[in-house]
Structures are given as C-alpha cells and as structure tokens.
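Hi,

Here is the structure I said I would pass on. Have a look first, and my notes on what turned up follow below.

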Amino acid sequence: MKNLHRKSLFLAVTALLLVPTFITAQDNPLNGFENLVGKTWKAEGTWGDGSKFKQEIEFRYSLEGKTIVAESKGFVNKEQTEYGHRNHGIRKYDAESNTIRFWEFDVFGGVTKGTVSFNEKDILYKYTYGDTEVTDAWEYVDDNTYNFKVGSYVNGEWKQTYLETQFKADNGFDFHFDHESLVVTKLIETGDFYRDVLQLKEIPHPDKAQGFRWFEIRGNSQLHLIKKDVIVFKKDKSIHLCLSTQDLEGFIAHLMAKNIDFYNWPGDKGSVTDRSDGIKQIYLQDPDGYWIEINTVKH
C-alpha cells in the first residue's frame, strides 16, 4: 500500500463495518441502511499485503431509531491470531450539517470518525487517516450480499484498492412462511367463504385427497382447510389469520354487500381500529368461527 501502513489501515477500517438497521419513516435520513436491518453480516478476505481480514457484524437500534449501535467481531490482536468482540459503532444524522456521521471505537482504544453517503443502494464511508482520504464502500448486489471495497475513491473512480471482499447476510436456516392449516367442520361452507368473500385462489391438493381445500394467499403462501367431524377448540380473537390490503374501504363495502359482520379489536360491530402507527384493522369470522384480521400494513 502506498502512503498508508497496512496495520494502521486495518485498525481504522475494520471499525467501519458497523451499519445501521431500524428505520420506519420514509423521510428518515438513515433509510439507506434499511436493508441491513435484522441481519448478521460476515466477510473474509485478504489485504493487499497478504494479511487476513475477517469480520462479523450485528445491528440494533437505540434512542427510538435516531441512532444505530452496531457490534462487530474481528481480530483483537495485531498478530491477527485472536478473534473476538472488536468494535462498537454509532451512526447518527447531524441536522446542522445535513450529514450522517459515524464513530467507531475499537478494542485497541482508538476511534475512527467520518461521514456516510448513499449512491442509490450503495453505502460509502469516508474518513481521513493521516494525510490520506479513505473510502469504505458497501456495493449492493442483492438484499443479502454486498461487495466491500477499501481504498482511494475519487470522483467516482477507484484510484487504489487495499481490500476487496464480499459481505453476506447469515440468515440462519432462512425460513420462509409456507402455509397455515385450519381444522374445520364445515369444509364446503368455510371453503366457499375463503374463495368468495376473501377471494383467495383455490388450488388443488397434490394428492387429490378428500377432506381438504387449499388456497393460495400470495406467491407460495397457502391456507389449508382440513375437515374433521369434531373439534374441541376455543375460537379466540387473539388466535387469527391476518391478511393485509391497501383497499380496506373497498373490502369493507364488499363485506357489507354480503351482509358479513366485522369488528374492531375491542369488539365493536362495524368499527375500525386505528392503531397508533397509522395502521387500520378490522376482524371477522369464517363460518367455522375462526377469526381473521384484515389490516393496511404495506409489504
């Protein structure tokens, strides 16, 4: 590396891999970090001089989302033989300067600070080390992958690169919701309710078995109805299927046209619950007595 000692750069740069997470308001200046929410990011690579790079980062919100605290693991000795909790980082929007500032505190007692900017989905950290301007770039590939570069980035061009690797999100087993099953006694009537009232697409059972009706909710998510002659089960509103729509008013008119009752959360007939976060919700029951919530959450 020219004009920058590798180990000094390592101490400064590995601190910068802590990125914000929890964002709700669309005009929040930290929205560029939203994809990193709730994920653990891992990367390994090799610096320009052949030394090792290894990092693991987790994220959480603090102060009602106004700051982000991130903890990272990395090498905790200069020989790069011991791995552990290495950095504690903060990201915060500074209204006075209209910039996002960061501070990284490392296990060696150092602190690195600078600014963060966004280029569409890419995230750029800029800071000064000695007389050298250094950039760390998280270049978006997909929601679980970023190319990561460290070097001299001037006027949109990399003049020199000290490290190139890739951060990937470790999502555990990466579960996806598949289906929910309901045991019913009125298979025809209840199935027709989900088909005609909720207008779910009915799909065939793979074995064409009797006593089942399957419905597609969205994509690969499904609802399965299973007929049993006797069910001993209390139908409580707290146990419910929830679907969201951006046309709640139209759906309510649809229910009224079919003379189907709906309620708010306290149980007032014909009323809508207005949640404190701006979401509206109603509740209704299928012919077997199962509760269904319909709300206006955006996905």
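One bit of bookkeeping before the pocket: Ala, Val, Leu, Ile, Met, Phe, Trp, Tyr, Cys and Pro count as nonpolar, Asp, Glu, Lys and Arg as charged, and the others, Gly among them, as polar. Also keep in mind that this is a predicted model.

On that scheme, the lining of the largest pocket splits into ten nonpolar, eight polar and three charged residues. The pocket itself has a volume of about 670 Å³. Its lining has 21 residues, and those closest to the centre are Ile217, Arg218, Leu243, Ser244 and Thr245. Where does the largest share of the lining come from? That would be E15, with three residues. At least two residues each come from strand E13 (212–218), strand E15 (240–244), helix H3 (248–257) and strand E18 (291–295).

Now the charges. I get twelve salt bridges in the structure. One of them pairs Asp196 with Arg195, at 2.8 Å from N to O. These two belong to a network in which salt bridges with shared partners join Asp192, Arg195, Asp196, Glu202 and Arg213. Asp196 is partly exposed at 32% relative accessibility, and Arg195 is partly exposed too, at 36%.

Another salt bridge links Arg101 and Asp94 (3.4 Å, N to O). Both are partly exposed: Arg101 has a relative accessible area of 31%, and Asp94 is at 23%.

Then there is Lys159, which forms a salt bridge with Glu157, with 3.4 Å between the closest N and O atoms. Lys159 is exposed at 55%, whereas Glu157 is partly exposed at 46%.

Cheers

How values were computed:
Residues numbered from 1 in each chain as written. Predicted model: local features only at pLDDT ≥ 70, side-chain atom pairs only at ≥ 80, totals over all residues. Heavy atoms only, no water. 1 Å grid on protein atoms, 1.4 Å probe; cavity = no way out; pocket = protein on both sides within 12 Å on 5 of 7 lines; lining within 4 Å. Points joined across faces, edges and corners; volume = space filled by probe spheres on them. Helix = DSSP H or I, 4+ residues; strand = E, 2+ residues; numbered from the N terminus. Salt bridge = Lys/Arg side-chain N within 4 Å of Asp/Glu carboxyl O. Buried < 20%, exposed > 50% of the residue type's maximum accessible area, 1.4 Å probe, protein only.
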